[in-house]
Amino acid sequence: MLTIDRFEGPFALCETEDGTMVSVPKNMLPAGCCEGDALRLEDGSYVKDNQQQRRRKMQEKMQGLFKRK
């Protein structure tokens with residue numbers, strides 16, 4: 001599982017589940033990918049993992065609810 005951190009030139013810099021950063025050529029990504037998208041490798045191609053993205057967004061919302069000011 002990878003999460004797109006940012007784009008630099010022809011590459012997407014992605015974070016792995018263990019926190020390692022890897023470069024993936026943009027032309028290997030599905031069309032319409034953007035920062036924060038979760039990707040998984042399936043049959044040699046990267047595909048968006050929409051369920052993982054929803055889970056991450058919900059976790060972020062929950063963390064925001066419980067922050068102390």
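**Exercises on the salt bridges and fold of a predicted model**

The structure holds five salt bridges. The model is predicted, and the exercises below work through its charged pairs and its overall build.

**Exercise 1.** Determine which residue pairs with R6 in a salt bridge, and classify the exposure of both partners.

*Solution.*
Step 1. The side chain of R6 meets that of D5 in a salt bridge, with a distance of 2.5 Å from N to O.
Step 2. R6 has a relative accessible area of 35%, and the value for D5 is 34%.
Step 3. Partly exposed residues lie between the buried limit of under 20% and the exposed limit of over 50%. R6 is therefore partly exposed, and D5 is likewise partly exposed.
Step 4. The pair also belongs to a wider arrangement: D5, R6 and E8 are linked in a network of salt bridges.

**Exercise 2.** Identify the salt bridge between R40 and E42 and the one between R40 and D49, and state whether D49 is buried or exposed.

*Solution.*
Step 1. R40 forms a salt bridge with E42, in which the closest N and O atoms are 2.1 Å apart.
Step 2. The side chain of R40 also meets that of D49 in a salt bridge, at 3.4 Å from N to O.
Step 3. R40 is partly exposed, at a relative accessible area of 30%, and E42 is partly exposed, at 37%.
Step 4. The relative accessibility of D49 is 12%. Buried means under 20%, so D49 counts as buried.

**Exercise 3.** Describe the order of secondary structure elements along the sequence.

*Solution.*
Step 1. The protein has one helix and five strands.
Step 2. Read along the sequence, these elements follow the pattern β-β-β-β-β-α.
Step 3. As for sequence separation, consider the contacts between residues at least 6 apart in sequence: 25% of them join residues at least 24 apart.

**Exercise 4.** Summarise the dimensions, burial, surface and charge of the protein.

*Solution.*
Step 1. The C-alpha trace spans about 40 × 25 × 25 Å along its principal axes.
Step 2. Of the 69 residues in the protein, 22% are buried.
Step 3. The accessible surface comes to about 5300 Å², and carbon and sulfur atoms account for 50% of this surface.
Step 4. The protein carries 12 positive and 11 negative side chains. The centres of these two sets lie 10 Å apart.

Terms used:
Residues are numbered from 1 along each chain as its sequence is written. This is a predicted model: local features need pLDDT of at least 70, side-chain atom pairs count only at pLDDT 80 or more; totals for chains, interfaces and linings use all residues. Side-chain values use heavy atoms; hydrogens and water are left out. A salt bridge is a side-chain nitrogen of Lys or Arg within 4 Å of a carboxyl oxygen of Asp or Glu. Buried means under 20% relative accessible area, exposed over 50%, partly exposed in between (1.4 Å probe, protein chains only). Helices (H or I, at least four residues) and strands (E, at least two) are DSSP runs, numbered from the N terminus. Contact means heavy atoms within 4.5 Å. Accessible areas come from the Shrake-Rupley method with a 1.4 Å probe; for residues, only the protein chains shown count as cover. Lys and Arg count as positive and Asp and Glu as negative; His and the chain ends are not counted. The place of a charge is taken as NZ of Lys, CZ of Arg, CG of Asp or CD of Glu.
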